[in-house]
Amino acid sequence: MIRIRPAARADSALVAAFVRELAEYEKLSHEVEASEQMLAEALFGQNPRVFCDIAEYDGAPAGFALWFYTFSSFRGRHGIWLEDVFVRPQFRGAGLGKALLAHLARRCVAEKLGRFEWSVLDWNAPSIAFYEAQGATLMHEWKICRMTGAALESLAER
């Protein structure tokens, strides 16, 4: 019933659709700048630094996980940062979210990685409860810092 597979270049439109659906769910559609071509180049170009797994349910594309490797100087090992995980509403409750997380956890264990991390919006109580039920610890003392646009360019010019 559930199959997790690596995304292929032919999935570029599907990945872009998942990104848009996730953004809509998170009420962040206005922030999406990525095009299908941009995602295809990032995932399947000359030197990909981001990866994607597709979850299928009875052969239908049902969800995805977009991730990349990180590094922890404290642990002295790489880890995985889960940038996006999304399951289409009609497939929720079928175990796809758990399957995607478990798939990446197995990768971490197999590759002897030190961490598996992601962020969650503070208003997203269902996802927070789901992640905690899987054994995740919310890092309340940590805040994400982000720099984009003019602030990024200004710092780069210093």
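# Helix α1 and its surroundings

Lys-27 lies in the loop between α1 and α2. Helices (H or I, at least four residues) and strands (E, at least two residues) are DSSP runs, numbered from the N terminus. The model is predicted, with local features requiring pLDDT of at least 70 and side-chain atom pairs counting only at pLDDT 80 or more, while totals for chains, interfaces and linings use all residues. Residues are numbered from 1 along each chain as its sequence is written, and side-chain values use heavy atoms, leaving out hydrogens and water.

## The helix α1

Helix α1 has 14 residues and spans 20 Å from its first C-alpha to its last, close to the 20 Å expected at 1.5 Å a residue. The expected span is 1.5 Å times one less than the number of residues in the helix. Several residues of α1 are buried, among them Leu-14, Phe-18 and Leu-22. Buried means under 20% relative accessible area, exposed means over 50%, and partly exposed is in between (1.4 Å probe, protein chains only). The cover over the buried residues of α1 includes α2, β2 (51–57), β3 (60–72) and β4 (77–87). An α-helix has 3.6 residues a turn, so residues three or four places apart point the same way.

Glu-24 also belongs to helix α1, but Glu-24 is exposed, at 60% relative accessible area. Its C-alpha atom is 15 Å from that of Leu-14, ten residues away along the chain.

## The contact of α1 and α2

The axes of α1 (residues 12–25) and α2 (residues 36–44) come within 9 Å and cross at roughly 115 degrees. Axes here are lines fitted to C-alpha atoms, for helices over the stretch in contact, and angles run from 0 to 180 degrees between N-to-C directions. The two helices are therefore roughly perpendicular to each other. Angles of 65 to 115 degrees count as roughly perpendicular, under 35 as roughly parallel, over 145 as roughly antiparallel and the rest as oblique. The crossing of α1 and α2 is right-handed, meaning that the near helix is turned clockwise from the far one by less than a right angle.

On the α1 side, the contact is made by Ser-12, Ala-13, Val-15, Ala-16 and Val-19, and on the α2 side by Glu-36, Leu-39, Ala-40, Leu-43 and Phe-44. Contact means heavy atoms within 4.5 Å. These residues divide into eight nonpolar, one polar and one charged. Ala, Val, Leu, Ile, Met, Phe, Trp, Tyr, Cys and Pro count as nonpolar, Asp, Glu, Lys and Arg as charged, and the others, Gly among them, as polar.

Ala-40 lies in helix α2 and is buried, at 8% relative accessible area. Not counting residues up to four places away in sequence, Ala-40 touches Arg-9, Ser-12 and Gly-45. Ala-40 and Ala-13 are 27 residues apart in sequence, and their C-alpha atoms are 8.4 Å apart in space.

## Residues in loops

The table lists three loop residues with their relative accessibility.

| Residue | Loop | Relative accessibility |
|---|---|---|
| Lys-27 | between α1 and α2 | 59%, exposed |
| Ala-34 | between α1 and α2 | 34%, partly exposed |
| Asp-58 | between β2 and β3 | 54%, exposed |

Lys-27 follows α1, and its phi is near 60 degrees, a positive value in a residue other than glycine. Asp-58 is not a glycine either, and its phi is positive, at about 50 degrees. The C-alpha atoms of Ala-34 and Val-109 are 31 Å apart, with 75 residues of separation along the chain.
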